Amino acid sequence: MARKEQQGGGKSWIFWGVGLLIVVVVVIVGLLTIPTGSNEAEEPDEGLNAEGPDPSAQPVEPEEPAETDGEAPSRCEDMDADDSFPTEAPEFTWEDFEGTNGLALPVSEEHGPAVQEDGFWRCFSQTPAGAAFAAPSLFLDFVVSREYHAAVDNPGARQALPDDPPETSAENFDDVLVRGFRIVDSSDADATVRVWFGYPELSADGAYDFTLIWDEEANDWRLDLSPGEAPFSDLTNTSDFTEWR
């Protein structure tokens, strides 16, 4: 009986030993299959970048300032025009000035105004003839259209702005005729032009004396109203004027 018990205990020890060995093997295999990390960086969660790439990843180039509208006129292109002193009216056509009734201005393909938009007629040739075309146009830009950039910015120009509503200023020029011009003096930098206006309702004529300065930044003529409003005088003799015909 004692011998049989010893044999039975030996088999039991072998059975439990084999079982323990299997458990150890399973544990080792499990440990080997568990990831222990990687040398490569883990990819970030897409949810973190839902709004776009990290702004610090790439240098940001500064944006160029946007151009502002209405604050200053755009630069005019150079105009290749005859710069001789006009002895007669250059070739032109009549065009109605916006905002007035019955008032038309001379317009030249050679001397300007090359731009006619929003009541601001501008871009004239840097010539004596260009100054003759520019004087009445810039004057009406300033007085009727209230385009302050038609004149050089100075205290006199700010004082010369009409107090009346634009509609009232426009009515003052209804049916007025731009009859002629006289270039008193002219150079590449400035010009003095007398503009002959006719007033049929009054059966009278008058002239405004305009001083113009060449604005290098705008590449165009501008009124110089530093003394204030442009001088006006009645006309009884128009023989020294070049008439627009």
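This is a guided tour of one chain, given as a list of selections to make in the viewer and what is found at each.

**The whole chain**

Start with the full model, which is predicted, and colour the chain by secondary structure so that its 4 helices and 10 strands can be told apart. Followed from the N terminus, the elements come in the order α-β-β-β-β-α-α-α-β-β-β-β-β-β. If you then switch to a surface representation, the accessible surface is about 16500 Å², and carbon and sulfur atoms make up 50% of that area. Of the 245 residues in the chain, 34% count as buried. For the contacts, consider those with a separation of 6 or more: residues 24 or more positions apart account for 57% of them.

**The negative patch**

Next, select D80, D82, D83, E91, E109, E110 and D188, which together form a patch of negative charge on the surface. One of these residues, D82, sits in the loop that runs between helix 1 (2-33) and strand 1 (93-96). D82 counts as partly exposed because its relative accessibility is 41%.

**Q126 and its contacts**

Keep D188 of the patch in view, and add Q126, which belongs to the loop between strand 4 (120-122) and helix 2 (128-143). Although Q126 and D188 are 62 residues apart along the chain, their C-alpha atoms are separated by 6.4 Å. Which residues should be shown around Q126, once its neighbours within four places in sequence are set aside? They are D188, W214 and W221, and Q126 is in contact with each of them. Q126 itself has a relative accessible area of 30%, so it is classed as partly exposed.

**Backbone geometry worth a closer look**

Three selections follow in which the backbone is the point of interest. As background, most residues other than glycine have a negative phi, and most peptide bonds are trans.

Select G112 and P113 first, since the peptide bond from G112 to P113 is cis, with omega near 5 degrees. P113 is located in the loop between strand 2 (104-107) and strand 3 (115-117).

Move on to C123, which is not a glycine and yet has a positive phi of about 75 degrees. Like Q126, which is in the loop between strand 4 and helix 2, C123 has its place in the loop between strand 4 and helix 2. Is C123 buried or exposed? With a relative accessibility of 6%, C123 counts as buried, because the cut-off for that class is under 20%.

The third selection is N219, a residue other than glycine whose phi is positive, near 55 degrees. N219 lies in the loop between strand 7 (204-215) and strand 8 (220-223), and at 7% relative accessibility N219 counts as buried.

**Salt bridges**

Finally, display the side chains of the charged residues, among which 8 salt bridges are counted.

Begin with D205 and R179, whose side chains meet in a salt bridge at 3.7 Å, N to O. This pair links distant parts of the chain, with D205 in strand 7 and R179 in strand 5 (residues 177-186), 26 residues apart. D205 is partly exposed at 23% relative accessibility, and R179 is partly exposed with a relative accessible area of 26%.

Then select D240 and R182, where the salt bridge is 3.4 Å, N to O. Here too the pair links distant parts of the chain, 58 residues apart: D240 is in the loop between strand 9 (232-234) and strand 10 (242-243), whereas R182 is in strand 5. The relative accessible area of D240 is 39%, so D240 counts as partly exposed, and R182, at 32%, is also partly exposed.

For the last pair, select R245 and E243, which form a salt bridge with the closest N and O atoms 2.8 Å apart. R245 counts as exposed at 75% relative accessibility, whereas E243 counts as partly exposed at 22%.

To end the tour, show R179, D205, E243 and R245 together, since these four residues are linked in a network of salt bridges.

Methods:
Residues are numbered from 1 along each chain as its sequence is written. This is a predicted model: local features need pLDDT of at least 70, side-chain atom pairs count only at pLDDT 80 or more; totals for chains, interfaces and linings use all residues. Side-chain values use heavy atoms; hydrogens and water are left out. Patches are made of residues with over 30% relative accessible area and no salt bridge: like charges are joined within 9 Å, nonpolar side chains (Val, Leu, Ile, Met, Phe, Trp, Tyr) within 5 Å. Accessible areas come from the Shrake-Rupley method with a 1.4 Å probe; for residues, only the protein chains shown count as cover. Lys and Arg count as positive and Asp and Glu as negative; His and the chain ends are not counted. The place of a charge is taken as NZ of Lys, CZ of Arg, CG of Asp or CD of Glu. Helices (H or I, at least four residues) and strands (E, at least two) are DSSP runs, numbered from the N terminus. Buried means under 20% relative accessible area, exposed over 50%, partly exposed in between (1.4 Å probe, protein chains only). Contact means heavy atoms within 4.5 Å.
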